Amino acid sequence: MEHIVTVQEAVTAFADWMEPTDGELDAIEAEMPRILADVEALDVQIALLDQAPSELDERRARRGRRRVLSERATLANRAVSGAVA
């Protein structure tokens, strides 16, 4: 007979004391523009998986990549300068 044992982390994964801190939530909020840019760029890439891209599709993909790079640069510059969003 095998014993079933629960894993402590799985049982307490959603305990009240394990909520994100205010600092963690602020960090997520500061990175939200980059996250949204990544999501939009991925949406374009996914849409182009099953079709031959038109000129308009290629422009959308380039625009998405440029926006992601711009947001990453903004976050990097903010981190270097020590500015908080």
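I began with a pair in helix α2: R34 and E31 are 3 residues apart there, which means that about one helical turn separates them. I noted the general rule that an α-helix has 3.6 residues a turn, so residues three or four places apart point the same way. I then looked up the contact itself and found that the side chains of E31 and R34 meet in a salt bridge, at 3.5 Å from N to O. For the exposure of E31 I read a relative accessibility of 35%, so E31 counts as partly exposed. I record here that I am working on a predicted model.

**Overall make-up**

I turned to the chain as a whole and listed 3 helices and 0 strands, the elements running α-α-α from the N terminus on. Of the 85 residues in the protein chain, I found that buried ones make up 16%. For the accessible surface I noted about 7300 Å², and 59% of this area belongs to carbon and sulfur atoms.

**Salt bridges**

I searched the whole structure for salt bridges and obtained 6. One of them joins R72 to D38, with the closest N and O atoms 3.7 Å apart. I placed R72 in helix α3 and D38 in helix α2, so this pair ties together parts that are 34 residues apart in sequence. I also checked how open the two partners are: R72 has a relative accessibility of 43% and so counts as partly exposed, whereas D38, at 17%, counts as buried because the cut-off for that class is under 20%. When I followed the links between pairs, I found E31, R34, D38 and R72 joined in a network of salt bridges.

I looked next at a pair within α3, where the side chains of R60 and D57 meet in a salt bridge with an N to O distance of 3.9 Å. I keep the limit beside this value, since a salt bridge requires the nitrogen to be within 4 Å of the carboxyl oxygen. R60 and D57 are 3 residues apart in helix α3, so about one helical turn lies between them. For their exposure I noted that R60 is partly exposed, with a relative accessible area of 35%, while D57 is buried, with a relative accessible area of 11%.

**Helix α3**

I then went through α3 itself, which covers residues 55-81 and has 27 residues. From its first C-alpha to its last I read a reach of 39 Å, close to the 39 Å expected at 1.5 Å a residue. I asked myself which residues of α3 are buried, and the list I wrote down is D57, A61, G64, V68, E71 and L75. I then looked up what covers these buried residues, and the cover includes α2, residues 22-47. After the end of α3 I came to G82, which follows the helix and has a positive phi, near 85 degrees.

**Nonpolar surface patch**

My last search was for nonpolar surface, and it gave a patch of about 310 Å² made by L25, I28, I35 and V39. I followed up one of these residues, I35, which lies in helix α2. With a relative accessibility of 31%, I35 counts as partly exposed, and I noted this value with some care because residues of a patch need over 30% relative accessible area.

Definitions and conventions:
Residues are numbered from 1 along each chain as its sequence is written. This is a predicted model: local features need pLDDT of at least 70, side-chain atom pairs count only at pLDDT 80 or more; totals for chains, interfaces and linings use all residues. Side-chain values use heavy atoms; hydrogens and water are left out. Helices (H or I, at least four residues) and strands (E, at least two) are DSSP runs, numbered from the N terminus. The expected span of a helix is 1.5 Å times one less than its number of residues. Buried means under 20% relative accessible area, exposed over 50%, partly exposed in between (1.4 Å probe, protein chains only). Contact means heavy atoms within 4.5 Å. Patches are made of residues with over 30% relative accessible area and no salt bridge: like charges are joined within 9 Å, nonpolar side chains (Val, Leu, Ile, Met, Phe, Trp, Tyr) within 5 Å. Accessible areas come from the Shrake-Rupley method with a 1.4 Å probe; for residues, only the protein chains shown count as cover.
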